[in-house]
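Hi everyone, and thanks for coming. Today I'd like to walk you through a structure that is probably new to you, so please have a look at it with me.

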Amino acid sequence: MNIKKTVFALIVSMLILNTNLKAQDQDVVIDKVVAVVGKNIVKLSDIEGAYNQVRRQQGISNAQMYRCQILENMLLSKLLVHKGEVDSVEVTDDEVEEQVTYYLNMELKQYGSKEALRNAIGRSYDELHDIYFDILKERYLAQRVEYSLTENVKVTPGEVRQFFESIPQDSLPDVEEEYELAEISLKPKVSVTERERVKLELAQLRERVLKGEKFAMLAALYSEDPGSANKGGELGFFTRGEMVSEFESAAFALQPGEVSPIIETQLGFHIIQLIERRGNTINCRHILMIPKVSSDDLLQARIRLDSIANQIRLGNITFEQAARDFSDGSTRLQGGLLANPLSGSNRFYRSNLKDQFPGISIATMEEGEISNATSFKTDANQDAYRIIKVLRHIPAHKANMIDDYDKLYNAALNKAQQAKVQDWAQRQIRNTYIHIDDEFKDCDFQLDWFDNASKRNQ
């Protein structure tokens with residue numbers, strides 16, 4: 001049995017705890033400590049919660065093998081934590097609290113309120129906070145130790161080739177059809193008149209709140225933030241660094257119940273009301289109003305972009321030069337070359353094209369072809385138009401060194417990093433107190449946990 005992923009793949013999967021917590025309640029696990037590494041324990045419920053999650057997601061047949069693999073990942077995690085504790089690796093409560101808030105907000109957005117969250121999971125918001133805090137603090141500590149072990153690991157092109165050649169030909173992974181794309185986008189400017197109209201309307205709403213009307217009611221009626229309007233504008237707890245800077249500065253300056261002046265961000269205009277402050281986190285309501293680009297301005301942007309596309313097709317200007325000269329997009333200095341936000345690479349899988357580029361039939365385009373101007377929403381939810389060029393089409397294929405070097409490099413690097421961590425762990429095992437319950441004595445671990453554990457248990 002191989003440890004196929006670093007320990008953190010398992011830890012991250014356990015962070016969304018509602019599956020684990022409900023599984024523990026439904027399956028009625030009689031809990032006990034099944035392993036100890038240093039002074040850090042692994043409980044049976046930890047293993048069963050993770051196992052139930054994998055079982056639901058993947059469907060598995062060899063239950064004990066997976067439980068053994070989960071336990072070995074947890075043992076490795078606890079060994080990294082133990083090393084971090086011995087070496088006094090610093091993890092501050094503030095940085096942990098920031099991530100705790102992020103995950104709790106995910107839960108609140110899913111369930112809508114603290115009461116609904118408690119009813120669904122069977123634990124209060126504060127209980128979940130403490131559970132998340134403990135897991136995340138261990139996660140940070142283990143990550144920092146692992147990073148210190150692997151930060152200098154490198155692989156050469158020759159090692160990437162050796163890695164590729166070590167894969168049996170009949171085991172080479174299939175790579176989905178991919179595209180490399182470039183974009184030119186135009187964002188019409190909002191008129192001064194429209195901006196003033198929105199500010200006046202928002203100022204009138206602010207005045208109504210100051211005269212006693214409920215902020216939450218007005219947010220539900222008028223806010224253009226679809227994620228919070230149906231919750232009375234409530235955003236949930238957040239800490240510094242999670243919101244755009246202008247919004248954050250205004251929100252953290254408020255006292256509970258106070259309403260901010262009108263704030264402009266890249267999203268539009270806001271008024272904010274502070275609900276509650278808890279340590280370094282706050283909970284706010286807001287009303288967002290977005291100035292609209294006129295239909296005439298949008299039409300002019302489309303006409304102009306179609307004209308640019310025709311000039312490119314006629315050979316009067318290259319796509320790359322047109323992107324640098326005319327595009328409003330962030331990629332204009334790269335000649336419009338797009339990066340895929342889902343992977344960080346400059347390739348897009350065919351299966352995601354419809355979601356990422358609605359209205360453009362990229363899969364039917366040839367290399368070098370340019371689309372007509374098509375409307376879309378920018379990251380700041382602004383109306384805009386864009387044209388797309390297919391730079392390269394890579395058909396579905398078996399992985400190879402020419403088309404998939406980056407993927408193979410990352411796989412080879414990951415393997416080298418895992419080997420470094422496992423070599424380190426094998427040495428650490430010899431000098432660390434380890435106990436493993438007899439229930440798992442038949443596990444075929446990759447590392448020699450039992451060599452130490454058996455001596456300690458005698």
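I'll go through the sheets, then what packs on them, and then a few single residues. One thing to keep in mind: this is a predicted model.

Let's begin near the start of the numbering, with strand 1, residues 33–37. Is this strand largely enclosed or not? Four of its five residues are buried, so strand 1 is largely enclosed by the rest of the structure. Strand 1 pairs with strand 2, residues 40–43, in the antiparallel sense, over four bridges. The two strands form a hairpin with two residues between them. In that turn you'll find Gly-38, with a positive phi of about 65°. Strand 1 has another antiparallel partner, strand 13, residues 434–436, and that pairing runs over three bridges. Val-37 is a nice residue to click on here. Its bridge partner in strand 2 is Asn-40, and Val-37 also stands opposite Ile-434 in strand 13. As a quick reminder, strands of a sheet pair through backbone hydrogen bonds, either parallel or antiparallel.

Now please turn to an open sheet of four strands, in the order 5-8-7-6, with antiparallel pairing. Which strands are at the edges? They are strand 5 and strand 6, each of which pairs on one side only. From one strand to the next, the twist averages 45°. Strand 5 and strand 8 are joined by five bridges in the antiparallel sense, and Phe-238 stands opposite Ile-282 in strand 8.

What packs on this sheet? Helix 9, residues 192–210, lies across strands 6, 7 and 8, at about 35° to strand 7. Helix 10 packs on the sheet too, touching strand 7 and strand 8, and its direction makes about 45° with that of strand 8.

Let's stay with helix 10 for a moment, which covers residues 215–222 and includes Leu-221. Is Leu-221 buried or exposed? Its relative accessibility is 57%, so Leu-221 counts as exposed. Together with Met-217 and Tyr-222, Leu-221 makes a nonpolar surface patch of about 290 Å².

Helix 11, residues 245–252, has buried residues: Phe-247, Glu-248, Ala-250, Ala-251 and Phe-252. What covers them includes strand 5, strand 6, strand 7 and strand 8.

Next, follow the chain to the loop between strand 8 and helix 12, where Ile-290 is found. Ile-290 has a relative accessible area of 14%, and because buried means under 20%, Ile-290 is buried. What does Ile-290 contact, leaving aside its neighbours within four places in sequence? The contacts are Glu-194, Val-198, Glu-224, Leu-267 and Asn-381. Asn-381 is 91 residues away along the chain, yet the C-alpha atoms of Ile-290 and Asn-381 are separated by 8.9 Å.

Here is one more sheet to finish the tour. This open sheet also has four strands, in the order 9-4-11-10, and the pairing is antiparallel. Its edge strands are strand 9 and strand 10, each pairing on one side only. Strand 10 pairs with strand 11, residues 383–394, over four bridges, and Ser-375 stands opposite Tyr-385 in strand 11. Helix 13, residues 319–326, lies across strand 4 and strand 11, and runs at about 40° to strand 4.

That's the tour. Thanks for listening!

How values were computed
Residues numbered from 1 in each chain as written. Predicted model: local features only at pLDDT ≥ 70, side-chain atom pairs only at ≥ 80, totals over all residues. Heavy atoms only, no water. Patch = residues over 30% accessible without salt bridge, like charges linked within 9 Å, V, L, I, M, F, W, Y side chains within 5 Å. Areas by Shrake-Rupley, 256 points an atom, 1.4 Å probe, with all protein chains shown as cover. Salt bridge = Lys/Arg side-chain N within 4 Å of Asp/Glu carboxyl O. Buried < 20%, exposed > 50% of the residue type's maximum accessible area, 1.4 Å probe, protein only. Pairing = 2+ DSSP bridges. Contact = heavy atoms within 4.5 Å. Axes fitted to C-alpha atoms, helices over the stretch in contact; angles between N-to-C directions.
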